[in-house]
Amino acid sequence: ISYLPHFMSIVIVAGMILQLVSLQGTINQMVRQFGGDPIAFMQQADWFRTIYITSEIWQTVGWGTILYLAALSTIDGQLYEAARIDGANRWKQTWHITLPGIRPTMIVLLILNIGTFMNVGFEKILLLYNPLLYPTADVIATYLYRVGIVSGNFSYATAIGVFEAVIGLTLILSANAISRRLVGTSLW
């Protein structure tokens, strides 16, 4: 349940989300069982952020778990045994062995995620949103799609896209330089 959405097509994940939050969906069936009125989630702009963030967490938590479990498996078990003999409790073992052991993985993933701050997930938003949700759901990528492709204003959309790419590149270069100076771990 946790890592499968990362490996499924975004179209399937978006379809599952739409089915869960529809008027006859699972969430509204639970609302009815508790005596409430069904909520038209995909017709109210206020609900879009909650739905998107929850689905993004659901879609990425499994992949993050796989990466961090792989990083944890590289830590020598004898370190934990030695810490227990020295009287370290679980918190001290986590603080002094686990976190330093997975720090390079954490830093690399942070740098890579910083580079995608401006890229929110065009495909999922495009599949989930509708004109009622534009005030809340519109991000730079969907705005570029509507202005550039749908309206045919290619030069304006290209300028915005290049600006977005320059900001992303600046963020990733800055994060890499800061990480190299402070922690000693970087992408290059």
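Is Trp188 buried or exposed, and at what relative accessibility? The legends below work through that and a few other spots. This is a predicted model, where local features need pLDDT of at least 70 and side-chain atom pairs count only at pLDDT 80 or more, while totals for chains, interfaces and linings use all residues. Residues are numbered from 1 along each chain as its sequence is written, and side-chain values use heavy atoms, with hydrogens and water left out.

**View 1. Trp188 and its nonpolar surface patch.** Trp188 counts as exposed, at 54% relative accessibility (exposed is over 50%, buried under 20%, partly exposed in between; 1.4 Å probe, protein chains only). Look for Trp188 in the segment after helix 10 (154–182); helices are DSSP runs of H or I with at least four residues, strands are E runs of at least two, and both are numbered from the N terminus. Trp188 joins Leu112, Leu169, Leu173 and Leu187 in a patch with about 480 Å² of accessible area together (Shrake-Rupley method, 1.4 Å probe, with only the protein chains shown as cover for residues). Patch members have over 30% relative accessible area and no salt bridge, and nonpolar side chains are joined within 5 Å, like charges within 9 Å. A salt bridge here puts a Lys or Arg side-chain nitrogen within 4 Å of an Asp or Glu carboxyl oxygen.

**View 2. The largest nonpolar core.** This one has 15 residues, and Met42, Phe48, Ile51, Leu128, Tyr129 and Leu133 have the most contacts inside it. A core is a set of buried Ala, Val, Leu, Ile, Met, Phe, Trp, Tyr and Cys residues joined through side-chain atoms within 4.5 Å. Helix 2 (10–21), helix 4 (48–72) and helix 7 (122–128) each supply at least two of the core's residues, with helix 2 giving the most, four. A second, separate core of six residues includes Ile75, Tyr80, Ala83 and Ile97.

**View 3. Asn28 in helix 3.** Helix 3 spans residues 26–33, and Asn28 is buried there, with a relative accessible area of 0%. Beyond its neighbours within four places in sequence, Asn28 is in contact (heavy atoms within 4.5 Å) with Val21, Ser22, Leu23, Pro38, Ile39 and Phe41.

**View 4. Two of the annotated transmembrane regions.** An unreviewed UniProt entry places "transmembrane region" at residues 6–23, 107–129 and 154–178; such annotations may be inferred rather than shown by experiment, and their positions follow the numbering used here, with shortened feature names. Residues 6–23 are 78% helix, with end C-alpha atoms 26 Å apart. Residues 154–178 are 100% helix, and there the end C-alpha atoms are 36 Å apart.
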